[in-house]
Amino acid sequence: MEAVGILCLAVVVLTWGFFWVWDSSERMKSQEQADLLGGGSHTLLVIAHPDDEAMFFAPTVLGLARLRHRVFLLCFSAGNYYNQGEIRKRELLQSCDVLGIPPSSVMIIDNRDFPDDPRVQWNTEHVASILLQHIEVNSINLVVTFDAGGVSGHSNHVALYAAVRTLHSEGKLPKGFPVLTLQSVSVLRKYLSLLDLPFSLLGTCDVLFVLTSKEVTRAKMVIKLEWKTFSGDLITVRKMKTAEDIKRSKEDLKRGLGDLLFVLKKLNF
């Protein structure tokens, strides 16, 4: 009994310590996060395929909408890997409607230069050129996309990150232009669901979106819209995460860390 009492006390102390550290961390980051995600921003979500916005970025889009951001979406393919491109384009528009992105703010590029194929490397300069044009035309002041790992490792996802880095290295983005990238994590963490929350809360990230119950319902709706094309049963076994980490990117040639620096801490361009 004494051992059980000591164990319970240890759990209470550890739990209290965790929330104390988290609360202190949140108060320190709150002002910086508010400056980065202030209301009125024109935010561009850059994805590779229909369903990326649902499977990877739904919490982000809903969180940005809560902050009164106007969100634009640029999708670089129709997702025609299984010859279902037309269906997936319609599903993307339906998904965006649930997420609060109007059709006028959605651009789907259906071009043979950008096939939905993990074996094909998209031309970085071509992707960067289209991305820059979209940024300028829509007066974008915040870009959200994948990081160097592409979250799932898909080469099309990685190509988007490479394009953003190219725009920065060539000086085509304004000084200090903010880019948020979704943090790639291990396979184990992807399927921990709520058990991953402590890692997300205490990890090094610039922005963390935790959804309300109503927002979780909307996020699940868009996942069902997209995944019904492939399997009606698959959605029942996929984990729905209610927290999402996003990290800001930065290239630091002096330290020579390359891509590794992008996942260590927040830095400005």
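**Exercise 1. Which residue stands opposite Leu182 in E5?** Work through strand E5 in this predicted model.

*Solution.*
- Phe146 stands opposite Leu182.
- The partner strand is E4, residues 142-146, which pairs with E5 in the parallel sense over four bridges.
- Helix H6 (residues 155-169) joins the picture: E4, H6 and E5 make a right-handed β-α-β unit.
- Now take the side chains of E5, residues 179-182. Val179 and Thr181 point one way, Leu180 and Leu182 the other way, and all are buried.
- In a regular strand, side chains alternate between the two faces of the sheet.

**Exercise 2. Classify the ring pair of Phe56 and Phe146, and place both rings in the chain.**

*Solution.*
- The ring centres lie 5.5 Å apart, with planes at 75 degrees.
- Planes over 60 degrees apart count as edge-to-face, so this pair is edge-to-face.
- Phe56 sits in the loop between helices H2 and H3, Phe146 in strand E4, 90 residues apart.
- Phe56 and Phe146 are buried.
- Phe56, Phe57 and Phe146 form one aromatic cluster.

**Exercise 3. Repeat this for Phe76 and Phe114.**

*Solution.*
- The centres are 5.4 Å apart and the planes at 90 degrees, an edge-to-face pair.
- Phe76 lies in the loop between E2 and H4, and Phe114 in the loop between E3 and H5, so the pair ties together parts 38 residues apart in sequence.
- Buried means under 20% relative accessible area. Phe76 has 0%, so Phe76 is buried. Phe114 has 1%, so Phe114 is buried.

Key:
Residues numbered from 1 in each chain as written. Predicted model: local features only at pLDDT ≥ 70, side-chain atom pairs only at ≥ 80, totals over all residues. Heavy atoms only, no water. Buried < 20%, exposed > 50% of the residue type's maximum accessible area, 1.4 Å probe, protein only. Helix = DSSP H or I, 4+ residues; strand = E, 2+ residues; numbered from the N terminus. Pairing = 2+ DSSP bridges. Right-handed = clockwise from strand over helix to strand, strands pointing away. Phe/Tyr/Trp six-rings, centres within 6.5 Å; stacked < 30°, edge-to-face > 60°.
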